[in-house]
Each structure stands twice: as structure tokens, then as C-alpha cells.
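The exercises below ask you to read helix packing and burial from a set of coordinates, and each one is followed by a solution that proceeds in steps. Please look through the sequence and the structure before you begin.

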Amino acid sequence: MNRRGIVTSAALVAGGASILAWIGLYNYPVFHVATELVGIAICASVFSIGWNARHITNQDHFAIMASGFLGCAILEFLHMLAHGHFPAVFFANPNATVHFLLAARTIIAVAFLHALYVRERKIQVDQEVVL
């Protein structure tokens, strides 16, 4: 990447962070939804890259990590819906919000540990079993 591309990317990131900070000061629910959507997009991107990289590398821990990030993206979406800013959702309460968030973090932790176990033991895992 050339210098101009780096400067442009840095300017876009700084501008986006400034806008999110400004929104956070004046309307926290919109800020929370925006940051949750960014987190969901990142998890979905990691899933997409990891799931498609398993054919290139022939290593099963990429598929395991990708599946963990897919589960995290789904649970973070449910966390966002259960937060109470969406009154049409029947399971919107503080307990469900915390449980979805903790479940998403637990899935990521278990996926990391399981991928490390598979990598260290050189175990072959069937990709259909992973999902």
C-alpha cells in the first residue's frame, strides 16, 4: 500500500471515530447500535475469510475459528436486538442482553482453545462437523 492509501485510510478511520464519538455524546442508543453493527460486520468478515481459507491452507483450525466467529456474530446480533431499544422484540430485557453478550464471548474463547488444540495435536476435522 502506498503512502497516499495509508493517509486516506487513516483519515477515514479518524473521521468515522469522530462521528461515532459525537453520536455517543448526544444519543447513546444510536451509538450502541452503530458499534454493535461494526462488531457484527467484523465477525462476519472474519468468518468469511476463515471459512474460505480452509481450502487454501489445508488446516482445520481456520474452519473452527470461522465457525466461532459466525456464532459470535449471530449472538451479537441477538444482543443488539435484546438491548431494549427495539420494543417489538419479545425477549428484550437486561438479562437476555447480558446472556447473549457473555455467550458470544464464550463461543469465541472456546473456538480459540479448540482451534489451538486441533492445531497442536494435528487432528483432521471434517468441515461439516464444525458447523
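A nonpolar core is here a set of buried Ala, Val, Leu, Ile, Met, Phe, Trp, Tyr and Cys residues that are joined through side-chain atoms within 4.5 Å. The model to which this term is applied is a predicted one.

**Exercise 1.** Describe the secondary structure of the protein chain and the extent of its burial.

Solution. Begin with the elements: the protein chain contains five helices and zero strands, and its pattern along the sequence reads α-α-α-α-α. Turn next to burial, where 30% of the 131 residues count as buried. Finally, consider contacts between residues at least 6 apart in sequence, of which 61% join residues at least 24 apart.

**Exercise 2.** Determine how α2 is oriented relative to α3, and what kinds of residues make up their contact.

Solution. Helix α2 spans residues 28–57 and helix α3 spans residues 61–81, and their axes come within 8 Å and cross at roughly 160°. Because angles over 145 degrees count as roughly antiparallel, α2 is roughly antiparallel to α3. The crossing of these two helices is left-handed. The residues of the contact of α2 with α3 comprise 17 nonpolar, six polar and three charged.

**Exercise 3.** Carry out the corresponding analysis for α3 and α4.

Solution. The axes of α3 and α4 come within 8 Å, crossing at roughly 180°, and the two helices are therefore roughly antiparallel to each other. In the contact of α3 with α4, the residues divide into 16 nonpolar, six polar and three charged.

**Exercise 4.** Identify the residues with the most contacts inside the largest nonpolar core, and state which helix gives the most to this core.

Solution. The largest nonpolar core has 13 residues, and C43, M65, F69 and C72 are those with the most contacts inside it. At least two residues of this core come from each of α2, α3 and α4 (94–121), while α3 gives the most, with six residues. For one of these residues in detail, set aside residues up to four places away in sequence: C72 then touches C43, A104, R105, I107 and I108. As background, nonpolar side chains in soluble globular proteins tend to be buried together.

**Exercise 5.** Is V118 buried or exposed?

Solution. V118 lies in helix α4. Its relative accessibility is 4%, and since buried means under 20%, V118 counts as buried. As a last step, compare sequence with space: V118 and D60 are 58 residues apart along the chain, whereas their C-alpha atoms are separated by 7.4 Å.

Methods
Residues are numbered from 1 along each chain as its sequence is written. This is a predicted model: local features need pLDDT of at least 70, side-chain atom pairs count only at pLDDT 80 or more; totals for chains, interfaces and linings use all residues. Side-chain values use heavy atoms; hydrogens and water are left out. Axes are lines fitted to C-alpha atoms, for helices over the stretch in contact, and angles run from 0 to 180 degrees between N-to-C directions. Helices (H or I, at least four residues) and strands (E, at least two) are DSSP runs, numbered from the N terminus. Angles under 35 degrees count as roughly parallel, over 145 as roughly antiparallel, 65 to 115 as roughly perpendicular and the rest as oblique. A crossing is left-handed if the near helix is turned anticlockwise from the far one by less than a right angle, and right-handed if clockwise. Ala, Val, Leu, Ile, Met, Phe, Trp, Tyr, Cys and Pro count as nonpolar, Asp, Glu, Lys and Arg as charged, and the others, Gly among them, as polar. Buried means under 20% relative accessible area, exposed over 50%, partly exposed in between (1.4 Å probe, protein chains only). Contact means heavy atoms within 4.5 Å.
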